[in-house]
Amino acid sequence: FLDAMLLAVTMKRPLFFYFRSDIFRKDWANKILRSFHMIPIYTFDHGKENLHKNQDTFAEGEEVLSNRGLLLIFPEGTSRVERIMLPLKKGTARVALQTESKHDFKLGLSIIPVGINYSAHSFRANVHIQVGEPTMVAPYATAFKENSSKAINQLNQELERKFADTIIF
């Protein structure tokens, strides 16, 4: 939660972001969290029976991007204190490519890797935010039209390389 808040307060525009669905269960919590531009994302950890709801989640993300909004996705899908990078989940690439596809790859979406590194996981720790080189989504248009799964994997591999450059090990 802190990672998203750090980035949200530094942006000049509203920042929408996916966050674990279990905290949205109560109606009052859902209202409050959504007022902070949080969108629930469903994982196996929060109930296999809820995974189908990610169709709506991805549609919300696509709407944000289609309206030239900022969407923050934590591509590793989890938070931890170790300074290692886990393999990226495919959601970032999937949402970006599906959104561009709906706009005939003329939207101009880019994915910007951001690494957030803490000196310690404690109160008053120093924070280093490293912004990496953007990846344009449109160059994957032909690959996506031919084989969407393959294009998602290719984009994900490029993103893994660029995100790795933002992490302090």
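For the charge count used in this tour, Lys and Arg are positive and Asp and Glu are negative, while His and the chain ends are left out. The model on display is predicted.

**The whole chain**

Begin with the entire chain selected and its charged side chains shown. The chain carries 22 positive and 18 negative charges, and the mean positions of the two sets lie 2 Å apart.

Next, switch to a cartoon view. The chain holds 6 helices and 7 strands. Followed from the N terminus, these elements appear in the order α-β-α-β-α-β-α-β-β-β-β-α-α. Along the principal axes, the C-alpha atoms occupy a box of roughly 50 × 40 × 35 Å. The radius of gyration is 16 Å, which agrees with the value near 15 Å that a compact globule of 169 residues would have.

Now add a surface. The accessible surface of the chain amounts to about 10500 Å², and carbon and sulfur atoms contribute 54% of that area. Of the 169 residues, 37% are buried. Among contacts with a separation of 6 or more, 54% are made by residues 24 or more positions apart.

**Strands β1, β2 and β3**

Select residues 15–20, which form strand β1, together with residues 70–72, which form strand β3; the two strands run parallel and are joined by 3 bridges. Within this pairing, display Phe17, which stands opposite Leu72 of β3.

Then add residues 38–41, strand β2. The pairing of β1 with β2 is also in the parallel sense and extends over 4 bridges. Two positions illustrate it. Tyr18 stands opposite Ile39 of β2, and Phe19 has Pro40 of β2 as its bridge partner.

Which way do the residues of β2 point? Show the side chains of this strand: Met38 and Pro40 point one way, Ile39 and Ile41 point the other way, and all are buried.

**Two residues with positive phi**

Select Arg68, in the loop between α3 (54–66) and β3. Arg68 is not a glycine, yet its phi is positive, at about 65°. Is Arg68 buried or exposed? Its relative accessibility is 54%, so Arg68 counts as exposed, the cut-off for exposed being over 50%.

Move on to Phe105, located in the loop between α4 (91–102) and β4 (110–111). Phe105 likewise has a positive phi, of about 60°, although it is not a glycine. Is Phe105 buried or exposed? Phe105 counts as buried because its relative accessibility is 9%, and buried means under 20%. The two loop residues thus share a positive phi, whereas Arg68 is exposed and Phe105 is buried.

**His121 and a distance to draw**

Finally, select His121, in the loop between β5 (114–118) and β6 (127–131). With a relative accessibility of 52%, His121 counts as exposed. Draw a distance from the C-alpha atom of His121 to that of Arg161: the two atoms are 25 Å apart in space, and the residues are 40 apart in sequence.

Conventions:
Residues are numbered from 1 along each chain as its sequence is written. This is a predicted model: local features need pLDDT of at least 70, side-chain atom pairs count only at pLDDT 80 or more; totals for chains, interfaces and linings use all residues. Side-chain values use heavy atoms; hydrogens and water are left out. The radius of gyration is taken over C-alpha atoms; the globule rule is 2.2 Å times the number of residues to the power 0.38. Buried means under 20% relative accessible area, exposed over 50%, partly exposed in between (1.4 Å probe, protein chains only). Contact means heavy atoms within 4.5 Å. Accessible areas come from the Shrake-Rupley method with a 1.4 Å probe; for residues, only the protein chains shown count as cover. The place of a charge is taken as NZ of Lys, CZ of Arg, CG of Asp or CD of Glu. Two strands pair if DSSP finds at least two bridges between them.
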